[in-house]
Structure formats: C-alpha cells, structure tokens
Amino acid sequence: MTTSSAPGKVYLFGEHAVVYGEPAVPCAIERRARVTAEPREDGRVRVDAADLSLDGFTVTWGGDIDDRPDIDVPASLVEAAMEYIDAAVAQARDAADAPDAGFDITVESDIPLGAGLGSSAAVVVAGIDAATRALGTELDPEEVARRAYEAEHEVQDGQASRADTFCSAMGGAVRVEGDDTRTIDAPALPFVVGYDGGAGDTGKLVAGVRALREQHAFAADTVETIGDLTREGERLLADADPESDPDADLLDSLGELMDFNHGLLEALGVSARSLDAMVWAAREADAAGAKLTGAGGGGCIVALDPTPDTERALGFAAECEQAFRAELATEGVRVEEA
Ligand code: MEV
C-alpha cells in the first residue's frame, strides 16, 4: 500500500491565456489531495473517495470505476473525478509496464472540486505517484508531471495546459509557457482565498474563451495582454529576495497586476457575480490585489494581504462560503506512507 499526496494551487497570473501559449505563474498551496493505492490481484479498480472538498461538501462512493456514485454533488464533477482517476491508473499501468494491474484506490482531499484550486491535477499527480510506487516503480516529479499532463489532456479533450499538473508535481511557484515548464523563486506571498461554495466547468469555460478569441480581435488581444502582465509579474518576482517576507511595494505592484488580470478575465467572460463580489470585498479590505483563480465561472478568488483584514472581510461577504489563508507549498508530490 502506498499513499502519495500533491498540493493544489492558485494562479498568481495567467490562467486561460496559458492555453494559447502565453506564460502563467501558478503557485502550489498547502491544501493537498492524498491518494492511496493498493494493488489487486483481479485487475479491477475500486475507488473510494471521501472528503473531496471543504467542510459541508463531502463525497463518498465505492464501487467499480464504471459505477456512478450516489452522492449529492453535481454528477458532472464526480464523473470528471472518476475519469481523472481512470486516466491516472492508465498512466501508472503504462509507467510500470503492468497493463493488467488492478488497484484499490482511496482518495482524500481538502481541495474543493472544480473550484479553481487544481483539485483534479492534484488527484491525478498523487494518483500516478501512488499507483506506480505501489507497483514498485519510482518516477521523478518531472515524469509524474509529464504523465499527469497526458492524463488531464485526455480527460479535457486536448484543452489542458501543463500549468496545473506541473505546479502540483513540483510545488512552489512555477512558470509555464507552452511546453516550457520551470520552477521559479518566489517569496512567501500572503495568499488569502475566498470560496463561493460553487464550481465552474473548466471544459466549457476554456471552449468559451476559444470561441470568443476566434470571433473578436479584442479577445485575442486580451489573451496577449494577460501574457504581457504575467511577464511583468515574473520580473517583479525575479527581483525579489525569496528568503525574505515580501515588502509592501512588491505586494502593491503584484496586486495591481492581479487586479488588471481579473479585469481581463472578466472581459473574456469567465468571471461570475460571486467571484466579482469577493474580489471587491478583498479590495475594499485593502488587499494589495485580488483576482479569480483557475478556470472561473464560480469557485475561488485569491488575494494578497499580510494582515487579517481580507480574510475577515471575506468571512462577512454574503457570496463567500469560506475564506482561508493559503501558504505556499514548497513541496510538490510526496510519499506519505509506503
Ligand atoms: C484551469 O485550472 C486553468 C486553465 O488555464 C486551463 C488550463 O490551463 O489547462 C483555465
């Protein structure tokens, strides 16, 4: 039996634009998915998942991978989670050269499903790591990232970038531009997350931006502008001392770019009333900046604030179900128990 875990992430800059070859900077956060894999003799796969989200949104199912679980979260989310696990198992079988391997898989996660914090990438990354190790094969995190990308790419019909999976496998702050993926230095940024209790449909949102880009020149320009501001944000991070707490000037400059990034994402049609309301609650609490994170449509925003004010203000905002501080996860995928 092997248990591996992998972190979720927030996007400091660049979601959606990264799908079209612009750079993005996601940062891993200390909210993890843990996957346990135990090989089975009969070649079947059984999945058991509990706690696939924050409090009050618990998923439990058991059965063959083809069975539909009987639970009270949207079926599309659960089906997606099952597809990701299926794709992770296929990658592990391939990596370990064990095409007939079966598994009992247990998934636990404190990353809400479909909320922009990289739940599916974390489950796929941890799943591939746990299942290959359970078969006696160890992959380095780059190889786990590569295989997790293949798995996500397949489930998302070729629409996924490498950003979520690379960030979850490697941990820390990363930059992704097309196939070029690297870890970068970043100081411990004071992330505050607001969660509206909902989720967005990544496939639909990505397809929506693609259609807009094809129809309107402004949308293609907007995607490029997101790339430009991401590069500007990268330069700010590169000049900062990763060992020291970020100073107010750096936070203000990064925050301003986050505010621009949110506005541009809104122009691309991927924000939502609840996300805008949380962004404004954060700004009114004097956060350095705030933006939606991930595919959008519902789910989470991320703000920068070293004081308790933004977390408190989000806690009072009607649209916010939960607000929490999220620390940068310096470690990516790791073995929890072997
Ligand atoms: C989703 O977490 C991030 C998107 O940029 C899609 C992707 O990069 O695969 C919207």
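This passage describes a ligand site, a set of helices and two unusual backbone angles in a predicted model.

We may begin with the ligand. The residues around the ligand are K9, Y11, E15, H16, V18, V19, A160, S161, D164, V206 and A295. By type, this shell divides into six nonpolar, two polar and three charged residues. Oxygen atoms of the ligand take part in several short approaches to the protein. A polar side-chain atom of S161 is found 2.6 Å from a ligand oxygen, and a polar side-chain atom of D164 lies 2.7 Å from an oxygen atom of the ligand. For H16 the partner is a polar backbone atom, at 2.9 Å from a ligand oxygen. The ligand taken alone exposes 300 Å², and the protein buries 96% of that area.

H16 deserves a second look for its backbone. This residue belongs to the loop between strand 1 (2-13) and strand 2 (25-40). Its relative accessibility is 6%, under the 20% cut-off, so H16 counts as buried. Most residues other than glycine have a negative phi. H16, although not a glycine, has a positive phi of about 65°. D286 is another non-glycine residue with a positive phi, in this case about 70°. The setting of D286 is the loop between helix 8 (273-284) and strand 8 (289-292). With a relative accessible area of 66%, over the 50% cut-off, D286 is classed as exposed. The two residues thus fall into opposite classes, because H16 is buried and D286 is exposed.

Attention now turns to the helices. Helix 2 (residues 119-134) has 16 residues, and the distance from its first C-alpha to its last is 22 Å, close to the 22 Å expected at 1.5 Å a residue. This helix is mostly covered, with 14 of its 16 residues buried. After helix 2 comes G136, where phi is positive and near 90°.

L135 is also found here, in the loop between helix 2 and helix 3. A relative accessibility of 27% lies between the 20% and 50% cut-offs, so L135 counts as partly exposed. Not counting residues up to four places away in sequence, L135 touches P39, A92, A96, A98, A101 and F103. L135 and T36 are 99 residues apart in sequence, yet their C-alpha atoms are 12 Å apart in space.

A polar pair links two further helices. R147 sits in helix 3 (residues 141-155), while Q91 is part of helix 1 (residues 75-95). The side chains of R147 and Q91 are joined by a polar contact of 2.8 Å. Both partners are covered: R147 has a relative accessible area of 9% and is therefore buried, and Q91, at 14% relative accessibility, counts as buried too.

The surroundings of this pair can be read from the contacts of each residue. Leaving aside neighbours within four places in sequence, R147 is in contact with Q91, D94, A95, I128 and L139. With sequence neighbours up to four places away set aside in the same manner, Q91 touches I128, R147, E150 and A151. I128 appears among the contacts of R147 and also among those of Q91.

Methods
Residues numbered from 1 in each chain as written. Predicted model: local features only at pLDDT ≥ 70, side-chain atom pairs only at ≥ 80, totals over all residues. Heavy atoms only, no water. Helix = DSSP H or I, 4+ residues; strand = E, 2+ residues; numbered from the N terminus. Buried < 20%, exposed > 50% of the residue type's maximum accessible area, 1.4 Å probe, protein only. Polar contact = N/O pair within 3.5 Å; in protein donor to acceptor, adjacent residues only side chain to side chain. Contact = heavy atoms within 4.5 Å. Expected span 1.5 Å × (residues − 1). Near = heavy atom within 4 Å. Areas by Shrake-Rupley, 256 points an atom, 1.4 Å probe, with all protein chains shown as cover. Nonpolar A, V, L, I, M, F, W, Y, C, P; charged D, E, K, R; others polar.
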